[in-house]
Amino acid sequence: MPHYDLAFKPAIGLYGQHDPSAALFVDGELVFAVEEERLTRQKHAANTFPERAIQACLDHHELELGDLDRVLLPYDPTLRKHILGHYFRRRLARPGLVQKAYGLQQQFVRETQAQFYPVRQIEHRLSALGDVPQIETLPHHACHAASAFHPSGFDEAVVLTVDAKGEYDSTVVWHGTQDGLERIRTYEHPSSLGLFFAAVTEYLGYRMFNGEGKVMGLAPYGERDEEIERTLREAVEPGVDYDVTGLVEEFNAERATERLEELFDRPRRATPGEFSQFEKDLAHVAQRLLEETVVDIAETYCERLGTANVALAGGVVLNCKMNKAIIESPAVEEVFIQPVAHDAGLALGAGWLDQSPRDVPEFTHAYWGPAYEFDEIRSLLETNKLEYHEPDDLERYVAERLADGDLVGWFQGRLELGPRALGNRSILADPRTSASRDRVNRYVKHREEWRPFAPSMLESAADEYLSTDRPDPFMITTTGVLPEKADEIPAALHPADETTRPQTVTETQNPRYHRLISEFADITGVPVVLNTSFNDHGEPIVNTPTEAIKDFFGMGLDVLVLEDLVVEK
Ligand SMILES: [Fe+2]
């Protein structure tokens with residue numbers, strides 16, 4: 001009998017409230033993984049037990065819950081004790097004796113529960129699905145670290161896990177070797193870079209754990225403003241010994257946002273909109289301080305540990321601009337970034353953590369989710385009385401439509417794990433004119449016009465277009481575009497700084513997508529397509545063909561491709 005491990009991040013109680021996912025490992029090998037949001041259709045699936053993702057893992061191998069050998073949870077309740085002092089001090093700081101006593105009593109009850117309740121709570125939820133196997137708990141940041149180091153292909157690396165908070169830790173430096181991971185330095189709660197950036201995100205009218213990427217996208221529109229920087233530095237000390245507790249005093253973005261209001265003597269935005277120069281500059285300065293800090297940590301520990309390899313994970317690592325700064329550091333040679341850097345990737349690390357890193361294959365693609373049979377798709381189209389056709393040369397046909405300016409919904413194979421659509425659930429467009437970008441905004445994405453779109457390009461053409469020759473199969477870094485090529489792909493550049501966030505595509509990674517881009521290159525001379533995720537504004541990436549059809553008719557797409565079949569308006 002094979003050995004089955006199911007790893008998942010619950011998003012209930014103490015496990016962290018967002019981005020639950022589940023992954024199935026057979027004899028230690030990852031075979032299937034999906035985020036709960038793709039199945040519930042609620043972005044980030046906040047406060048949700050990932051029942052559907054768990055069931056999808058079981059269904060993929062026709063298993064019952066009782067067939068599993070272990071359930072692995074990326075949260076270790078015993079580590080909670082490290083944070084106790086902090087919580088009790090916060091309660092004691094409350095004004096008035098009654099409030100102090102009440103706060104302490106509440107905290108005592110909470111902490112007693114926190115030692116035992118989390119595993120029982122999961123046992124209870126799982127028992128509704130079948131016989132509950134043995135449950136093992138693993139530290140949050142160790143799971144992030146394994147998600148980055150184990151599949152990196154590195155013999156040795158500095159591993160940085162940067163997020164809002166694990167059990168008590170917000171940033172951790174690890175030394176990854178073939179013997180595993182050694183914790184070198186812990187930046188404890190509440191000194192959290194994730195919460196620092198979340199506070200700025202809330203202040204600019206977005207929601208934490210959701211709008212951080214938009215703040216990063218806004219940053220290039222701003223400039224380095226000395227007064228803003230001086231004010232922010234009163235509360236935030238950047239660098240390798242960083243301390244943000246002057247801004248973030250507890251796990252409470254609301255409090256930290258109020259602190260920003262005090263510091264700048266200006267109210268936060270209620271909703272995002274036309275940003276003032278002050279707001280753009282604030283985004284710029286916050287991004288700078290974040291980059292300065294993480295680059296300094298990477299450089300310091302590369303030197304101390306004697307390696308120039310860096311592996312990265314944790315929610316903050318979704319910041320592609322920050323990743324660019326690390327890659328460009330002269331102290332750093334090779335970088336591997338786990339593309340599912342946020343908490344949805346914890347399930348991956350939980351499955352790999354107790355394996356020898358050398359036994360874990362390199363992470364070469366993100367297609368770990370459900371796929372749908374050709375016959376199922378055809379009969380779905382027929383039941384819905386939708387006309388379709390099956391071109392002899394699908395990739396050529398679609399490339400021609402793209403070159404004619406059509407917007408294409410492209411649905412193929414297994415759903416991507418992680419925040420980026422990588423050519424299996426993508427909306428594609430011609431990158432050669434900025435009018436094309438406006439079309440995507442107007443007819444499809446209904447989002448802020450200033451936000452950039454990203455390209456997919458043949459890996460073989462990357463050095464012709466990009467200022468780096470480093471391939472990025474996962475759209476997890478930004479990079480410069482060579483000036484002589486920028487005019488060829490205006491729709492895929494950041495309008496303010498002309499950088500781009502490419503996906504480089506190889507035939508091995510995704511043969512059909514590779515062929516499509518090659519055909520587009522053959523027609524236009526440009527081996528690049530604009531690629532944005534297949535979803536409507538505010539919705540998770542589509543999973544099923546039915547969802548793709550609904551979005552096709554709900555948005556201004558011209559062509560829908562479902563595996564080999566084409567539907568047109
Ligand atoms: Fe995390």
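This report describes the fold of a predicted model, from the whole chain down to single strand pairs.

## Overall shape

The chain has 569 residues and a radius of gyration of 24 Å. A compact globule with 569 residues would have a radius of gyration near 25 Å, so the chain agrees with that expectation. Along the principal axes, the C-alpha atoms fill a box of roughly 75 × 60 × 45 Å.

The secondary structure consists of 19 helices and 19 strands. Of the 569 residues, 51% are buried. Among contacts with a separation of 6 or more, 73% join residues that are 24 or more positions apart.

## Domains

The domain assignment divides the chain into domain 1 (4–140), domain 2 (152–337) and domain 3 (374–568). The C-alpha centres of domain 1 and domain 2 are 25 Å apart. Twelve residues from domain 1 and seven residues from domain 2 take part in the contact. On the domain 1 side, the residues that touch domain 2 comprise four nonpolar, five polar and three charged residues.

## The five-stranded sheet

One open sheet has five strands in the order 8-7-6-9-10, and its pairing is mixed. Strand 8 (180–188) and strand 10 (334–337) form the edges, each pairing on one side only. From one strand to the next, the twist averages 20°.

Helix 10 (residues 277–305) packs on this sheet and touches strand 6, strand 7 (169–177), strand 8 and strand 9. The direction of helix 10 makes about 150° with that of strand 6. Strand 6 (residues 157–162) is paired with strand 9 (residues 309–313) in the parallel sense, through four bridges. Within this pair, Thr161 is opposite Ala313 of strand 9.

## The seven-stranded sheet

A second open sheet contains seven strands, ordered 16-13-17-12-11-18-19, again with mixed pairing. The edge strands here are strand 16 (503–505) and strand 19 (565–568), and each of them pairs on one side only. Neighbouring strands of this sheet are turned against each other by 30° on average, direction ignored.

In the strand order, strand 12 stands between strand 17 and strand 11. Strand 12 (residues 425–429) runs antiparallel to strand 17 (residues 528–533), and four bridges join the two. Strand 11 (residues 408–411) also pairs with strand 12 in the antiparallel sense, over four bridges.

## Strand 12 in detail

Ile427 has a partner in each of the two neighbouring strands: Thr532 stands opposite Ile427 in strand 17, and Gly409 has Ile427 as its bridge partner in strand 12. Next in the chain to Ile427, Ser426 stands opposite Ser533 of strand 17.

Why is strand 12 described as largely enclosed by the rest of the structure? Five of the five residues of strand 12 are buried, and the strand is therefore largely enclosed. A residue counts as buried here if 20 or more other C-beta atoms lie within 10 Å of its own. The burial applies to both faces of the strand: Arg425, Ile427 and Ala429 point one way, Ser426 and Leu428 point the other way, and all are buried. The buried set thus includes the charged residue Arg425 and the polar residue Ser426.

Definitions and conventions: Residues numbered from 1 in each chain as written. Predicted model: local features only at pLDDT ≥ 70, side-chain atom pairs only at ≥ 80, totals over all residues. Rg over C-alpha atoms; globule rule 2.2 N^0.38 Å. Buried ≥ 20, exposed ≤ 12 C-beta atoms within 10 Å, placed from the backbone. Contact = placed C-beta atoms within 7 Å. Pairing = 2+ DSSP bridges. Axes fitted to C-alpha atoms, helices over the stretch in contact; angles between N-to-C directions. Domains from an automatic or database assignment.
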